[in-house]
Amino acid sequence: MRRVIVFLSVIFLGAICAQAQVNPKTIGVRLGGGSAGNGGELSYQHGLSDVNRLEIGAGLNVGDNVNALSVAAAYHWVQNIEGGFNWYIGPGAAFSMFQTSNADDYIGLSVGGQIGLEYDFTSSDVPLLISIDTRPMWGFLNDAKGFGWGAALGIRYIW
């Protein structure tokens with residue numbers, strides 16, 4: 001319970017402090033790894049206001065004993081640090097389909113969040129956004145129960 005209260009407090013404080021300029025739309029990739037293996041994700045971000053956006057991604061992770069195909073979404077509060085350098089935080093969820101090496105297929109549903117740092121190159125007339133983030137999630141279906149995480153490097157085109 002304490003973790004939930006701390007997590008919600010951090011999200012609330014992030015929303016209060018948010019003052020960044022969010023790009024209207026970005027599309028790109030997130031490459032990284034975590035508890036479900038290594039892989040990549042096609043990522044789309046849609047600006048909802050000057051300080052909020054929605055990120056949606058479809059990814060594939062490959063591990064030693066399990067492969068995962070997933071769809072994830074996160075709501076971000078974006079806070080400017082300086083110039084094009086921002087940090088963001090927000091709640092999220094993911095739906096995953098897993099295939100194990102012994103042919104036991106199962107689905108997973110996870111909730112958690114995303115926190116990261118990004119640099120927006122539009123001030124240099126380059127329509128590029130580079131980020132590094134982590135997505136801690138808590139799964140609660142089938143063999144995907146428990147804590148999982150992933151960290152990734154994101155490269156997105158801004159339009």
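So, one helix and 10 strands: that's what the chain holds. If you walk along from the N terminus, the order is α-β-β-β-β-β-β-β-β-β-β, with the helix leading and the strands following. Keep in mind that this is a predicted model.

How confident is the predictor, then? The chain has a mean pLDDT of 90, and 89% of its residues reach 70 or more. Where does confidence drop lowest? That would be helix α1, residues 2-17, with a mean of 58. At the other end we have strand β7, residues 128-134, where confidence is highest, at 98. A word of caution here: where pLDDT is low, the predicted coordinates shouldn't be read in detail.

Let's stay with β7 for a bit. What do its side chains do? They alternate along the strand. L129, S131 and D133 point to one face and are buried. L128, I130, I132 and T134 point to the other face, and those four are not buried.

Now, who are the partners of β7? On one hand there's strand β6, residues 105-120, which pairs with β7 in the antiparallel sense over six bridges. To pick out one spot, I115 has T134 in β7 as its bridge partner. Then there's strand β10, residues 150-158, also antiparallel to β7, over seven bridges. In that pairing, I130 stands opposite I155 in β10. If you have the structure on your screen, those two contacts, I115 with T134 and I130 with I155, are handy places to get your bearings.

Okay, burial in general. The chain has 159 residues, and buried ones make up 39% of them. One example I'd like to show is T100, which sits in strand β5, residues 85-100. Is T100 buried or exposed? Its relative accessible area is 17%, and the cut-off for buried is under 20%, so T100 counts as buried. Also, look at T100 together with N65: they're 35 residues apart in sequence, yet 5.6 Å apart in space, going C-alpha to C-alpha.

Next, the aromatic rings. How many aromatic pairs are there? The count comes to four. One of them is F98 with Y106, and that pair is stacked, with 4.9 Å centre to centre and 20° between the planes. Both rings belong to buried residues: F98 is at 14% relative accessibility, and Y106 is at 16%.

Another pair is Y119 with F121, and this one is edge-to-face, at 4.7 Å centre to centre and 75° between the planes. Why do Y119 and F121 count as partly exposed? Because Y119 is at 29% relative accessibility and F121 is at 26%, and partly exposed begins where buried stops, at 20%.

Last stop, the largest pocket. Its volume is about 670 Å³. How many residues line it? There are 38, and the ones nearest the centre of the pocket are S35, A36, N61, S96 and W149. Which strand gives the most to that lining? It's strand β1, residues 25-34, with five residues. As for what the lining is made of, it divides into 16 nonpolar, 17 polar and five charged residues.

If you want somewhere to start exploring, try β7, where confidence is highest, and then go over to W149, one of the residues nearest the centre of the largest pocket.

Terms used: Residues numbered from 1 in each chain as written. Predicted model: local features only at pLDDT ≥ 70, side-chain atom pairs only at ≥ 80, totals over all residues. Heavy atoms only, no water. pLDDT = per-residue confidence, 0-100. Buried < 20%, exposed > 50% of the residue type's maximum accessible area, 1.4 Å probe, protein only. Pairing = 2+ DSSP bridges. 1 Å grid on protein atoms, 1.4 Å probe; cavity = no way out; pocket = protein on both sides within 12 Å on 5 of 7 lines; lining within 4 Å. Points joined across faces, edges and corners; volume = space filled by probe spheres on them. Nonpolar A, V, L, I, M, F, W, Y, C, P; charged D, E, K, R; others polar. Phe/Tyr/Trp six-rings, centres within 6.5 Å; stacked < 30°, edge-to-face > 60°.
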